[in-house]
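This report describes the fold, the cysteines, the interior and the unusual backbone positions of one protein chain. The sequence and the model are shown first.

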Amino acid sequence: RSCSPGRARHTNASRRACLVARFGDIYAQERLDAETLLRTYISDMETVQRIIYVAAVESFHAAKMAYRQFKIRVRETLSLGHSGPESLEDTVLDYIVRHEDLYDVQASVNEVIRAMNITPKISFPPEIDFIVISTLIQELCRVAFSMQTLVPPLDIAFGTDGELFSETKYHRSFDSDFTAALVAYHVWPALMENDVVIVKGEAVTKR
């Protein structure tokens, strides 16, 4: 490994703090805005919350795919003329951090909406066009993409209906049955770093 760490590594801690805070802001603000919007079309709160959770999961998936492809293109381009002192990996990371505005977030939003339209986790055919929550999806894609530039990257926990409720991963929603041991459905994903929870998600437990 090169002994000259790149700019991206020097700013890693501050960028991480900003992104973790931004993830919390999206939960507190854009998520609730999306909830309010969906409630004008869908009366069932569980359906609304399921839609938002799927949107979050699919946004992270789409952004991670886009990041991988972006990184491959950058590495191919920069490897042609690369010469130290930084390692090629650090140079690639620095370039991506400086040029995150080149990320085609709209392509990811379209990808997310396409995935949401065919997922069996939410009703099909969908009651509404998921484009109505594109602001939420866009913000989640942006933050998920940026989280891939961290060392180590941040990701969301994989959640399944019926899994054992984990106190370390989730808060229970206020309308949960607090004696129930199993997750009925998820409201918001937990944020992870190297398989360690750094921000709890939210889940509903019911008997």
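A disulfide is a pair of cysteine sulfur atoms within 2.5 Å. The structure holds zero disulfides. The model is a predicted one, in which local features need pLDDT of at least 70 and side-chain atom pairs count only at pLDDT 80 or more, while totals for chains, interfaces and linings use all residues. Residues are numbered from 1 along each chain as its sequence is written, and side-chain values use heavy atoms, with hydrogens and water left out.

**Cysteines**

Why does Cys18 form no bond with the closest cysteine sulfur? That sulfur belongs to Cys141 and lies 20 Å from the sulfur of Cys18, which is too far for a bond. Cys141 is likewise in no disulfide. Burial is judged by relative accessible area: buried means under 20%, exposed over 50%, and partly exposed in between (1.4 Å probe, protein chains only). Cys18 counts as exposed because its relative accessibility is 54%, whereas Cys141, at 0%, counts as buried. Cys141 lies in helix 7, and its C-alpha atom is separated by 21 Å from that of Thr11, 130 residues apart along the chain.

**Overall fold**

Helices (H or I, at least four residues) and strands (E, at least two) are DSSP runs, numbered from the N terminus. The protein chain has seven helices and six strands, and along the sequence they follow the pattern α-α-α-α-α-α-α-β-β-β-β-β-β. Its C-alpha atoms fill a box of roughly 60 × 35 × 25 Å, taken along the principal axes. Of the 207 residues in the chain, 44% are buried.

**Nonpolar core**

A nonpolar core is a set of buried Ala, Val, Leu, Ile, Met, Phe, Trp, Tyr and Cys residues joined through side-chain atoms within 4.5 Å. The largest such core has 46 residues, and those with the most contacts inside it include Ile51, Phe60, Met116 and Trp188. Helix 4 gives the largest share of this core, 13 residues.

**Cavity**

A cavity is a set of points, on a 1 Å grid over the protein atoms alone, where a 1.4 Å probe fits but cannot get out; lining residues have an atom within 4 Å of a point. Grid points are joined across faces, edges and corners, and a volume is the space filled by probe spheres set on the points. One cavity of 30 Å³ or more is found in the whole structure, and the largest cavity holds about 80 Å³ of space. Its lining consists of Arg50, Tyr53, Val54, Lys121, Gly159, Thr160, Asp161, Tyr185 and His186. Helix 4 (45–79) and strand 3 (183–188) each supply at least two of these residues, with the largest share, three residues, coming from helix 4. Domain 1 (5–153) and domain 2 (157–206) both give residues to the lining, so the cavity lies between them; the domain bounds come from an automatic or database domain assignment.

**Backbone exceptions**

Most residues other than glycine have a negative phi, and most peptide bonds are trans. The peptide bond from Val151 to Pro152 is cis, with omega near -5°, and Pro152 sits in the loop between helix 7 and strand 1. Two residues other than glycine with positive phi are tabulated below; Asn194 and Asp195 are both placed in the loop between strand 4 and strand 5.

| Residue | Phi | Relative accessible area |
|---|---|---|
| Asn194 | about 50° | 58%, exposed |
| Asp195 | near 65° | 71%, exposed |

Note on methods:
On a 1 Å grid over the protein atoms alone, a cavity is a set of points where a 1.4 Å probe fits but cannot get out, and a pocket is an open set with protein on both sides within 12 Å along at least five of seven lines; lining residues have an atom within 4 Å of a point.
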